[in-house]
Amino acid sequence: MSLFSQTHFEEDSQEQPAVGYWKPLMPSKGSKEEPEAGCQDAGSGDDSQSTEQRNVSRLRSSSVEIREKGSEFLKEELHKAQKELKLKDKECERLSKVREQLEQELEELTASLFEEAHKMVREANTKQAASEKQLKEAWGKIDMLQAEVTALKTLVITSTPSSPNWELHPQLQSPSKAVFRKGHGRNKSTSSAVVTAVSQNATPTPVSRECKEVDSILFAEFQSWKESPTLDKSCSFLDRIYREDVGPCLDFTKQELSELVRVAVEQNTLTIEPVASQMLPVVKVSAEDSGGPKKCALSGLPRTCKHRIMLGDSGNYYYISPSCRARITAVCNFFTYIRYIQQGLVRQDVELMYWEVMRLRREMSLAKLGFYPSEM
């Protein structure tokens, strides 16, 4: 605007008349208005310039403010980012520690699992070896038991207490005929059906020649017991035999020792063995209780004792006279036979088994009355 007004003023001055041209002092109306207009143009130019300057200064100040605010905002954002980075670093460090701890625990768990697995494998191998060993031992025992059952069946079939097979029972032979081995032999009460005094000494009378008659009450009790054989003496069959035969046969002068002998016979733990002449007596109880080679421990009478008994595995020996031995042997024969019946080893008719039981009862009665073979 200022440049334009100056140029217009110069053009107006050039159009003035030359020297000598008269010009009135008072400018004309048109000339008077021109300088005023020029002055107004100059004033407006200054205002616009100052406005522009103010605008520029304002822009500059606003830009400075914007820069300051931007820098502050950026600083705040940077501070926040740094805080977040620190938190992230701490979280990463914590997570790395957790990972290391988990890895260590995993390694320890893996090692413990492998150790436990090896331990279980070792235990399984040990148990397997022990089981195989037990299996072999069991098979050996089974074979041995089968052989014993076969031998018992053969014994029952070919030999009975009434007519024993002397080849199968060399211990039944008289001491003069039997050949003694070094030391002594031990005969369990159930090792064989040892015959009693009458059956050893005399020739047994054939059953068909005897006059016999079955007692209906005794036979009914035996049949009832045979249907479900048991060694419980509460049944009527065994209760009668205990009262009439077993109890009186094992009733000796020494009551306490008699009771122990009865229990040992019932439990099949009684051992009878001969006393060799060169054997020294082994006594673990008092001499008064155990007797001696010249005194019976059951009767308390002075008798020549050729045998001694041991109750169970106590190791205590008691010397017994031939009469006491015959009574104990008769009871052992009876229990041996009924055990054979209970185990199913006797394959005979019910009536034949009944008469064999009656014969064994008769042997107990005879032994109680004092009849026994001279070989005892």
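Leu135, Trp139 and Ile142 make a nonpolar patch of about 310 Å² on the surface. Patches here are built from residues with over 30% relative accessible area and no salt bridge, with nonpolar side chains (Val, Leu, Ile, Met, Phe, Trp, Tyr) joined within 5 Å and like charges within 9 Å. The areas come from the Shrake-Rupley method with a 1.4 Å probe, and for residues only the protein chains shown count as cover. Trp139 sits in helix α2. The model is a predicted one, so to speak of local features takes a pLDDT of at least 70 and side-chain atom pairs count only at pLDDT 80 or more, while totals for chains, interfaces and linings use all residues. Residues are numbered from 1 along each chain as its sequence is written, and side-chain values use heavy atoms, with hydrogens and water left out.

Charge gathers on the surface too: Glu65, Glu68, Glu72, Glu76, Glu77 and Glu84 form a patch of negative charge. In this count Asp and Glu are negative and Lys and Arg positive, while His and the chain ends are not counted. Each charge is placed at NZ of Lys, CZ of Arg, CG of Asp or CD of Glu. One member of the patch, Glu68, lies in helix α2, which covers residues 29-158. Glu68 counts as partly exposed because its relative accessibility is 45%; the cut-offs are under 20% relative accessible area for buried and over 50% for exposed, with partly exposed in between (1.4 Å probe, protein chains only).

As for the overall layout, the protein has 9 helices and 4 strands. These are DSSP runs numbered from the N terminus, with helices (H or I) of at least four residues and strands (E) of at least two. Along the sequence they follow the pattern α-α-β-α-α-α-α-β-α-β-β-α-α. Of the 376 residues in the protein, 27% are buried.

Next come the salt bridges, and there are 12 of them, each defined as a side-chain nitrogen of Lys or Arg within 4 Å of a carboxyl oxygen of Asp or Glu. Glu221 and Arg240 are one such pair, with an N to O distance of 2.9 Å. This bridge ties together distant parts of the chain, since Glu221 is in helix α4 (residues 216-227) and Arg240 in helix α5 (residues 236-249), 19 residues apart. Glu221 has a relative accessibility of 14% and therefore counts as buried.

Glu273 and Arg308 pair up as well, their closest N and O atoms lying 2.7 Å apart. Here too distant parts of the chain are linked: Glu273 belongs to strand β2 and Arg308 to strand β3 (residues 307-311), 35 residues apart. Both Glu273 and Arg308 are buried.

The bridge between Glu363 and Arg359 has its closest N and O atoms 3.5 Å apart. Glu363 and Arg359 both lie in helix α9 (residues 350-369), 4 residues or about one turn of the helix apart, and both are buried. Shared partners also join Glu221, Arg240, Glu244, Asp245 and Arg361 into one network of salt bridges.

What about the cysteines? A disulfide is a covalent bond between the sulfur atoms of two cysteines. With a disulfide taken as a pair of cysteine sulfur atoms within 2.5 Å, the whole structure turns up 0 of them. Cys92 counts as partly exposed because its relative accessibility is 48%, whereas Cys211 is exposed, at 85%.

Two loops round off the picture. Asn268 is found in the loop between α6 (255-266) and β2 (270-274). Although Asn268 is not a glycine, its phi is positive, at about 60°. With a relative accessible area of 25%, Asn268 is partly exposed. Lys294 lies in the loop between α7 (287-290) and β3, and a relative accessibility of 61% makes Lys294 exposed. Lys294 and Thr304 are 10 residues apart in sequence, yet their C-alpha atoms are 4.7 Å apart in space.
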